[in-house]
Amino acid sequence: MAAFRDMVEVSNWLLSLLGANRAEAQQRRLLGSYEQMMERLLEMQDGAYRQLRETLAVEEEVAQSLLELKECTRQGDSELQQLEVELQRTSKEDTCVQARLRQLMTELQELREMEEELQRQERGVDEDNTVTIPSAVPPRPHSGPAHPLGQCTALAEVHQ
């Protein structure tokens with residue numbers, strides 16, 4: 001029985017040794033799983049930091065673009081206001097020019113009418129002052145002057 005006890009003792013010792021080996025193997029497996037999990041966690045953390053940096057860079061670019069766009073909008077508004085002021089000034093000038101043009105057109109029409117009237121008067125005067133040159137008129141058969149004295153006022157005016 002002593003041998004049996006020795007055998008039980010050796011068996012218990014082997015079982016405890018195997019148990020320790022099993023616990024150690026299990027511990028190694030858990031440690032390996034823990035290390036893998038930590039590596040994945042660190043990789044995910046690195047990925048998250050990288051995405052965060054990229055997101056911040058994009059946000060910064062968008063913010064800069066927005067600032068530039070606001071500045072362009074401000075400059076555009078300023079130019080628009082200047083153009084509106086210039087348009088108002090030019091419109092006022094145009095109104096003045098249009099009024100002056102109408103006045104000049106009226107004066108031109110009046111001058112044309114005066115010129116036409118002067119031309120009519122000149123034609124009337126020319127018709128009244130038409131002088132007949134005696135050598136251009138064939139002689140009359142009677143022996144007296146073609147025009148009795150005092151009757152041809154146009155001829156008398158020409159001689160004066």
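This is a short walk through one protein chain, taken from a predicted model.

Confidence comes up front. The protein chain averages a pLDDT of 81. Of the residues, 76% score at least 70. The weak stretch is residues 150–160, where pLDDT stays under 50. For that stretch the model has seven contacts beyond four places in sequence. I will leave that part alone.

Now the fold. The protein chain has two helices and zero strands. Helix α1 covers residues 2–128. How much of the protein chain is buried? Buried residues make up 1% of the 160 residues. The accessible surface comes to about 15,200 Å². Carbon and sulfur atoms account for 58% of that surface.

Next, a nonpolar patch on the surface. Which residues make it? They are Leu-31, Tyr-34, Met-37, Met-38 and Leu-41. The patch measures about 480 Å². Take Leu-41 as one of its members. Leu-41 sits in helix α1. Its relative accessible area is 47%, so Leu-41 counts as partly exposed.

On to charges. Side chains of opposite charge can pair when their charged atoms come close. How many salt bridges are there in this model? The count comes to four. I will take three pairs in turn.

Pair one is Glu-71 with Arg-74, at 2.5 Å from N to O. Both residues lie in helix α1, three residues apart, which is about one turn of the helix. Glu-71 is partly exposed, at 32% relative accessible area. Arg-74 is partly exposed too, at 47%.

Pair two is Glu-86 with Arg-89. Their closest N and O atoms are 2.2 Å apart. Why does about one helical turn separate Glu-86 and Arg-89? Because they are three residues apart in helix α1. Glu-86 has a relative accessible area of 35%, so it is partly exposed. Arg-89 has 39%, and is partly exposed as well.

Pair three is Glu-117 with Arg-120, whose side chains meet at 2.7 Å, N to O. These two also lie in helix α1, three residues apart, about one turn of the helix. Arg-120 is partly exposed, at 42% relative accessibility. Glu-117 is partly exposed, at 34%.

One more point on the charges. Salt bridges that share partners join Glu-86, Arg-89 and Glu-93 into one network.

To recap: two helices and zero strands, a nonpolar surface patch that includes Leu-41, and four salt bridges. Keep the caution on residues 150–160, where pLDDT stays under 50.

Technical notes: Residues are numbered from 1 along each chain as its sequence is written. This is a predicted model: local features need pLDDT of at least 70, side-chain atom pairs count only at pLDDT 80 or more; totals for chains, interfaces and linings use all residues. Side-chain values use heavy atoms; hydrogens and water are left out. pLDDT is the predictor's confidence in each residue, from 0 to 100. Contact means heavy atoms within 4.5 Å. Patches are made of residues with over 30% relative accessible area and no salt bridge: like charges are joined within 9 Å, nonpolar side chains (Val, Leu, Ile, Met, Phe, Trp, Tyr) within 5 Å. Accessible areas come from the Shrake-Rupley method with a 1.4 Å probe; for residues, only the protein chains shown count as cover. Helices (H or I, at least four residues) and strands (E, at least two) are DSSP runs, numbered from the N terminus. Buried means under 20% relative accessible area, exposed over 50%, partly exposed in between (1.4 Å probe, protein chains only).
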